[in-house]
Each structure stands twice: as structure tokens, then as C-alpha cells.
Amino acid sequence: MFRPETDTAGGWRGLTLLRLLSRGAPVIIGDLTAALGRPAGEVSRALAGTPDIEYDDQGRIVGAGLTLRPTPHRFEIDGRVLHTWCAMDTLVYPGLLGCPARVTSPCQATGTPVHLTVDGTRVTGIDPPTAVVSLVTPDDLTSVRTAFCDHVHFFASAHVARPWLADHPDASVLPITEAYHLGGKVTAASCRQADAGTC
């Protein structure tokens, strides 16, 4: 759900929802409305305008950047195993949630597991140390998951990412620590602009 040059956290809606999902259980719309302290109609309209949000068969929210459904990006916090939509989310969310995380995700090229430990101030461990993150800057973010998240992966090294980059000429790769700092800057800027100053 990390979106360069846009509201990364989704303002008051996205960050509150992210925190509720981090508890590891589906989020009932009424609980989200209560947590936000906003009119139910306003919350419903905001959700309707976010087509990527995942729901279960009971209409509860199970994914919005952070998801209860398995993806390649395993995100463990406080002993709870969650997942994220993209590699960059795993770097940004520990700071937003104020909680360190253990991350495991396969290299997009080789399948080799990439392991990270991340807290609110830095990446505290990277294995392999050569790992990088791919990034794109899409023009159309109607579906952030399709336009951005589906192209943001971990690679074991910049070298093994070369064939993928050749097929994705608009993409680039950054070392993990650089990607982390970029994510922090974009998140801070987005939070300053978020509605009601509650980011």
C-alpha cells in the first residue's frame, strides 16, 4: 500500500485501519467507525473509494496493505504472523505501527528467502546483506495494488534483479537501507498532510 508521492498511510482512514488489522483479526466496519470517531456514512464512502481493500465473506476487512491473507511478504509483529501487499510495506509499517517486525520474503528472481528485522528507526538485520527492493512510480493509482504493489519485490542482489529490470524498464532497485529511509521520508510527509492531523 506504500505509494510514493501520495498519502502513504491513507490519512486518518488508512492508519487507523492498519492498526486494527495489526491485531491479527478481521475488522468489523462498526469497529472501524468507532475507532475513527467519524460518521458511518463518511467511513463507508471512504471504503467504497478504495477498491483494493480485502473483505471476507462476512463483509469484514481482512486486508489494506497489511493483510490477514497469505502473500509472499511475511510480516511478524508481537508474535502474530501477518502479510503485506509489497516489499516496501514491510519497511514502512514498523514505524507506523511503532512495533518491530521480522520479515521473510522470497527473492523475486531466485526464490531465495530474504530475511529482515525492522524497527521504527532502522533496519536492524538483512540477510543476504546484498538484498535490494524494486520500485516503480506509476501514473495511475486507481488500484495501488496492481499499479505499485505487484511490482515492488525483494531481490537477493542487484545482480539477480537485472533480468527483471530489463523486462520492467520503468523500475529501479534500491538497497534495503536506502529504501527504508525513502519510505520514512515519504511517510513523514504524508502524515503531515493527513486529515485531522491524526497520522
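**Start at A131**

Select A131: its relative accessibility is 3%, so this residue counts as buried. You're in a predicted model here, and A131 sits in the loop between β8 and β9 (132–135). Show what surrounds it. Leaving aside residues up to four places away in sequence, A131 touches V114, I126, F155, A156, S157, P175 and I176. Now pick C107 as well: C107 and A131 are 24 residues apart in sequence, yet the C-alpha to C-alpha distance is 8.4 Å.

**Step along to β9**

Next, select residues 132–135, which make up β9. Which way do the side chains point? V132 and S134 go one way from β9, V133 and L135 go the other way, and all are buried. That fits a general pattern: in a regular strand, side chains alternate between the two faces of the sheet.

Now bring in the partners of β9. Strand β10 (residues 154–155) pairs with β9 in the antiparallel sense, over 2 bridges. Look for V132 with F155 of β10 opposite. Then add strand β11 (residues 172–175), which is joined to β9 by 4 bridges and is also antiparallel. Here the residue to find is L174 in β11, standing opposite V133.

**Into the core**

Keep V133 on screen and add L32 and L91. These are the residues with the most contacts inside the largest nonpolar core, which has 52 residues. Which helix gives the most to this core? Colour helix α4 (residues 87–97): α4 contributes 7 residues, the most of any.

Zoom in on L91. Apart from residues up to four places away in sequence, L91 touches L116, V118, V123, V133, I176, A179 and Y180. You've met two of those names already: V133 from β9, and I176, which A131 touches as well. As a general point, nonpolar side chains in soluble globular proteins tend to be buried together.

**Two aromatic pairs**

How many aromatic pairs does a search of the whole structure find? There are 2. Go to F75 and Y93 to begin with: the ring centres are 6.4 Å apart and the planes are at 85 degrees, so this pair is edge-to-face. F75 belongs to strand β4 (residues 73–77) and Y93 to helix α4, so the pair ties together parts that are 18 residues apart in sequence. Both F75 and Y93 are buried.

For the other pair, select F155 and W164. This one is tilted, with 5.4 Å from centre to centre and 55 degrees between the planes. F155 and W164 are both buried too, and F155 is the residue you saw opposite V132.

**The 8-stranded sheet**

Pull back and switch to a cartoon view. There's an open sheet of 8 strands, paired antiparallel, in the order β1-β2-β3-β5-β4-β6-β7-β8. Which strands are at the edges? Select β1 (54–55) and β8 (123–127), each of which pairs on one side only. Inside the sheet, try β3 (residues 66–67) and β5 (residues 80–84): 2 bridges join these antiparallel strands. T67 is the residue to click, with H83 of β5 opposite.

**Last stop: confidence**

Finally, colour by pLDDT. The protein averages 87, and 87% of the residues score at least 70. Then find residues 1–12, where pLDDT stays under 50; the model has 46 contacts beyond four places in sequence for this stretch. Residues 193–199 also stay under 50, with 11 such contacts. Where pLDDT is low, the predicted coordinates shouldn't be read in detail.

Key. Residues numbered from 1 in each chain as written. Predicted model: local features only at pLDDT ≥ 70, side-chain atom pairs only at ≥ 80, totals over all residues. Heavy atoms only, no water. Pairing = 2+ DSSP bridges. pLDDT = per-residue confidence, 0-100. Contact = heavy atoms within 4.5 Å. Core = buried A, V, L, I, M, F, W, Y, C linked by side-chain atoms within 4.5 Å. Buried < 20%, exposed > 50% of the residue type's maximum accessible area, 1.4 Å probe, protein only. Phe/Tyr/Trp six-rings, centres within 6.5 Å; stacked < 30°, edge-to-face > 60°.
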